[in-house]
Each structure stands twice: as C-alpha cells, then as structure tokens.
Amino acid sequence: MTTKTPQNPEPEGAPEEADTPPARLIQSESTTDIPVHLLFREDSDIGEPTVSPSVVGRRLGTGEQPRVRPPTPPRRQPPDVDPQLVERPARVLPGLLGVLVGLTGAVGSGVISWWAGFVSPSAVRLLELPPSASTGLGLPQVAAYIGAGLLFLVGFGGLMRGHTGGAWVLSVFGRYRGTIRRTGLMWVNPLVLRRRADVRLRHWRSEPMAAVDANGLALQVVVLVTWRVSDTARAVLGIDDHEIYLRECVESALARVLPQVPADLPGTTAVVSLRNVEAVGDALSRLVAAEAEPVGLEVFAVQPTRIEYAPEVAARMQRRRIAALDAEHRDTVLSSLVDSVEDTVIRLTTRGLVELDDYERKALVKDLTVAFYTGRTGDGA
C-alpha cells in the first residue's frame, strides 16, 4: 500500500489561510503589490509622467489626417560679405549748376576764338563785335582755351539723369562712393564710375530646370521668382552678376528641396508631395531668401508654376497613373455593385416575395451582379 504526499507540504501549526492569496475581484486582470512606503512618499523629485498631446491622440484615434507641413531642408552658412560694403547716399549737386558751368566754358571758348582772331569778319559784323587786336594764337590764348575746355567738360560731363525705379552706384578708382536714388537732372564728379541698378520689383520666370524627386524620378520644374535689389552696393559691387547668382540660388534650392518629397501621392494629403505647391513654394522661398539676402537681394516668393516629369519618364508615369485611376474606379464600381446586389436580395427575402435556398440564392446573386454590371458599363459607355 503506497501513500502519496503533496509536493509542497505546509508547516505544521500554521493557519491554513495565512499562505492562501486572497481571491481576485477581477479575474481577467493581473495586479501587483505596491510597497507601503511608496504610498506615503513625500519626495518631490519624482518626474512628471509623459502624456501625449490630446490633439495627437485625437488624430490617431479618429483617423484625422495631420496638418501638412512644408519640408525643412538643412540650413547652410550664408556667404560672407564685406561688412563695410553697405549702401549709403552719395553727394550730388543740382543739375542746373553743371549746365551753367558748361555754358560758361562754351561761351568762353567763343570769346577766346574772337580774341585770337579766329572768327570770320562776316560773323564779327553780324554779331556787331569790335575787331580783334590780336595777331594770332599765343600762350595766353592757349591757357584760356584749356580753362574754357575744362569748364565745358566738367559742367556737361558731370550731368546725369535719375529715373524712377533706378539707381546709380558711384565708385572712384574702385572705391565705393555712394548710391543715387534721386530722380531728375543732377551733377556729380565727372571722374566717378557710374553703374546702373534696377531697384524695381521684378518677376523672373525660369526656363525648365532639371531636378529629381524623393524616388529619383527626373523632373522639369518652372518657377516664378519675385524679387528686387534692396542694397545696391552689395548687389553691384559685392558680386559679379546678381541675376546669375539668383538663378544659381534657385537651382540650389530645387536640388535641396525636391529630393525630399515624392512627385505624386494620389489619394492622400497626409504627406507633403509636389502636388502641395504652396508648401514646396514656402520652403523654396525661405532657402532662396536666406542665400540672397547677404548680397543685397530681397526675395519675396519662389513659386513653382509647373512641375512635370522629364520626357524620358513622362510616358511611363502617365501609363502608371492611368492604371491607378482605372483600378480605383473599378474598386468603386465593385463596392457599389455589391451593395446594390445585397440590398436587392435582402429586400426580396425579408418582404417574403421569394423563398430561396442556398443554390437559388447564389444563382440570383450571380444574375443580379451580371445585370447591374452590364447596366453600369452600358451607361458609362
């Protein structure tokens, strides 16, 4: 006769309820014991629990799409320019003063010619001038000719006219002397070098530029840039050609922004694609404006006006797009067709118009599906 003993014998004299855990109120939940000293802990260095924002939770729970944000390309260090090369106004005189000086030189040349005897007798009689006592060209006459010629050259050589929307950048022997933004006739030093700068608001539409999207597909992009010259000294003297520099900035921005986003994401707006022209334009505008500001250019907007596939991939992407639209249309038609057939069968059976077994129900569904689909394709044709 054998006797079985339990695997875990209980100690003698111990109450039976001491080692028996209390019954759980909720059988499907697992609970853990909390130490007593943690319930009355007064330490204030306990970190706050991390709670996700309610908006994010609401979007994740209800299926709401997140807000579309433009791509943020990495920032680069702006180019260094001469800090002393800043636009400042140049000193000018009224244009009437230059006209008077030039006329003085011209009249003086005529008087000297009469003094030297170079004026014909008929002209002297016509002008009622007394006959000249000089016998020819001497040293006094040569000096007077030189002075009158200098007055003529300085007076008329320093005249210039300012236009609305234009400015003149002045430099003497390579040194910047100031900018003139005034309009009308004025006089400046005739020895200065004058360079014209257009400070009007300008629009530049680029030719198709080559780029790629996030999937490596070749693209052709046309952008419209709204800009103007804000600092004429930096735009004219601080760079070789500010228009070429602006074009290169646009090409650089396209090469940095477009490879971060796909060209097309049909059926979704949760992710930025090149169809979100506003978001892509904002990113391009920020990049180009940051790179053009150090050279005196103010860029207001860089907006893509046309984004299309390159000719070598356009036909293939067009076929893919048509196939995707056709599949989406077929899925929509099929869902509507199944709903119509289901609704028809349920109405016939619930109202007691027909009594169908499984075989007859399958045959009815098949006939209704063929009839509805034929009718829809006939209407679509």
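**Exercise 1. Find the helix that holds V142, then work out what sort of surface V142 helps to make.**

Step 1: V142 sits in helix α5, which spans residues 139–157. Keep in mind that you're looking at a predicted model.

Step 2: Check the exposure. V142 has a relative accessible area of 34%, so it counts as partly exposed. Patch members need over 30%, and V142 at 34% makes the cut.

Step 3: Look for partners. F118, L137, I146 and L150 join V142 in a nonpolar surface patch of about 480 Å².

**Exercise 2. Decide which parts of the model to handle with care.**

Step 1: Start with the whole chain. Its mean pLDDT is 76, and 70% of its residues reach 70 or more.

Step 2: Go element by element. Strand β7 (residues 202–205) has the highest mean pLDDT, 95, while helix α2 (residues 54–62) has the lowest, 41.

Step 3: Pick out the weak stretches. Residues 1–18 stay under 50 in pLDDT, and the model gives them zero contacts beyond four places in sequence. The pLDDT is also below 50 over residues 43–68, but this stretch has twelve contacts in the model beyond near neighbours in sequence.

Step 4: Draw the conclusion. Low pLDDT means the predicted coordinates shouldn't be read in detail.

**Exercise 3. Describe the largest nonpolar core and say which element gives the most to it.**

Step 1: Get the overall picture. The chain has ten helices and ten strands, and 26% of its 381 residues count as buried. Of the contacts with a separation of 6 or more, 70% are between residues 24 or more positions apart.

Step 2: Find the hubs. The largest nonpolar core has 33 residues, and V225, L254, L258, V288, L297 and V299 touch the most other members.

Step 3: Sort by element. At least two residues of this core come from each of β8 (209–212), β9 (218–229), α7, α8 (277–292) and β10 (297–309). The top contributor is α7, with seven residues.

Step 4: Check for a second core. Another one lies apart from it, with ten residues, including V92, M160, I180 and V192.

**Exercise 4. Trace the surroundings of L246 and V288.**

Step 1: Place L246. This residue belongs to helix α7, residues 242–257.

Step 2: Is L246 buried or exposed? Its relative accessibility is just 2%, so L246 is buried.

Step 3: List its contacts. Leaving out residues up to four places away in sequence, L246 touches V225, W227, V288, L297 and V299.

Step 4: Flip the view to V288. With the same sequence neighbours left out, V288 touches L246, C249, V250, A253, V299 and V302.

Step 5: Add a distance. L246 and E291 are 45 residues apart along the chain, and their C-alpha atoms are separated by 8.8 Å.

**Exercise 5. Say what stands out about the backbone of F173, and where F173 lies.**

Step 1: Look at phi. For F173 the angle is near 55 degrees, a positive value in a residue that isn't glycine. Most residues other than glycine have a negative phi.

Step 2: Place F173. The residue is in the loop between β3 (166–172) and β4 (175–180).

Step 3: Check the exposure. F173 has a relative accessible area of 80%, so this residue is exposed.

**Exercise 6. Characterise L97 and its distance to M186.**

Step 1: L97 lies in helix α3, residues 95–116. Its relative accessible area is 43%, so L97 is partly exposed.

Step 2: M186 is 89 residues from L97 in sequence, yet the C-alpha atoms of the two are 8.5 Å apart in space.

Terms used
Residues numbered from 1 in each chain as written. Predicted model: local features only at pLDDT ≥ 70, side-chain atom pairs only at ≥ 80, totals over all residues. Heavy atoms only, no water. Patch = residues over 30% accessible without salt bridge, like charges linked within 9 Å, V, L, I, M, F, W, Y side chains within 5 Å. Areas by Shrake-Rupley, 256 points an atom, 1.4 Å probe, with all protein chains shown as cover. Salt bridge = Lys/Arg side-chain N within 4 Å of Asp/Glu carboxyl O. Helix = DSSP H or I, 4+ residues; strand = E, 2+ residues; numbered from the N terminus. Buried < 20%, exposed > 50% of the residue type's maximum accessible area, 1.4 Å probe, protein only. pLDDT = per-residue confidence, 0-100. Contact = heavy atoms within 4.5 Å. Core = buried A, V, L, I, M, F, W, Y, C linked by side-chain atoms within 4.5 Å.
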